[in-house]
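I opened my notebook to look around a structure that was new to me. Here is what I looked up, entry by entry.

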Amino acid sequence: MAEIGHEAFMRAALEQARLGAAAGEVPIGAVVVIDGAVAGAGFNQPIGSVDPTAHAEIVAIREAARREGNYRLTGSTLYVTVEPCLMCVGAMVHARIGTLVYGALEPKSGAIESATRAHESPGLNHAFDVVGGVLGDECGEIIQAFFRERR
């Protein structure tokens with residue numbers, strides 16, 4: 001049953017990734033889920049917003065925090081189409097995300113299992129659960145297609 005939920009929310013993150021692609025951004029999407037409902041959604045937008053921190057995860061976390069009226073999103077689940085980077089792992093720790101669910105690996109800068117395991121650093125004051133590979137092929141294909149078109 002939990003896997004069905006993961007897939008449905010990952011599809012919502014994939015829709016965000018498609019919005020990012022349509023905006024000319026690297027197509028990564030994210031949603032924050034609280035109590036079974038999407039509380040925040042976002043896609044990568046550092047180019048359009050002229051903000052290097054505007055990764056999909058950060059955009060979704062910011063929206064969820066505003067909606068909740070709290071920068072702590074304890075117990076929430078963050079769904080993201082691609083393995084998060086180091087900056088986004090830091091944001092997840094500060095937001096007190098309960099679970100991270102991601103789709104495709106990011107071999108160059110993935111900070112969950114590919115390049116480093118940042119969320120396991122002993123100095124962190126918060127830990128979150130991780131579920132990887134949800135709709136991984138579909139999540140990987142959207143970003144690969146984007147870069148194939150650019151080359």
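Which residues line the largest pocket? I found Val82, Ala104, Leu105, Glu106, Pro107, Lys108, Gly140, Ile143, Gln144, Phe147 and Arg151. A pocket here is an open set of points on a 1 Å grid over the protein atoms alone, where a 1.4 Å probe fits, with protein on both sides within 12 Å along at least five of seven lines; lining residues have an atom within 4 Å of a point.

A note on the source: this is a predicted model, where local features need pLDDT of at least 70 and side-chain atom pairs count only at pLDDT 80 or more, while totals for chains, interfaces and linings use all residues. Residues are numbered from 1 along each chain as its sequence is written, and side-chain values use heavy atoms, leaving out hydrogens and water.

Next I turned to H5, which gives the largest share of that lining, 4 residues. Helices are DSSP runs of H or I with at least four residues, and strands are E runs of at least two, numbered from the N terminus. In H5, I saw that Gly136, Cys139, Gly140, Ile142, Ile143 and Phe146 are buried (under 20% relative accessible area, 1.4 Å probe, protein chains only). These buried residues fall within an arc of 155 degrees (taken from the directions from the helix axis to the C-beta atoms), so they line one face of the helix. On the other side, Asp137 and Glu149 are exposed (over 50%).

Last, I looked up Leu78. Beyond its neighbours within four places in sequence, its contacts (heavy atoms within 4.5 Å) include Val32, Ile61, Met92 and Leu100.
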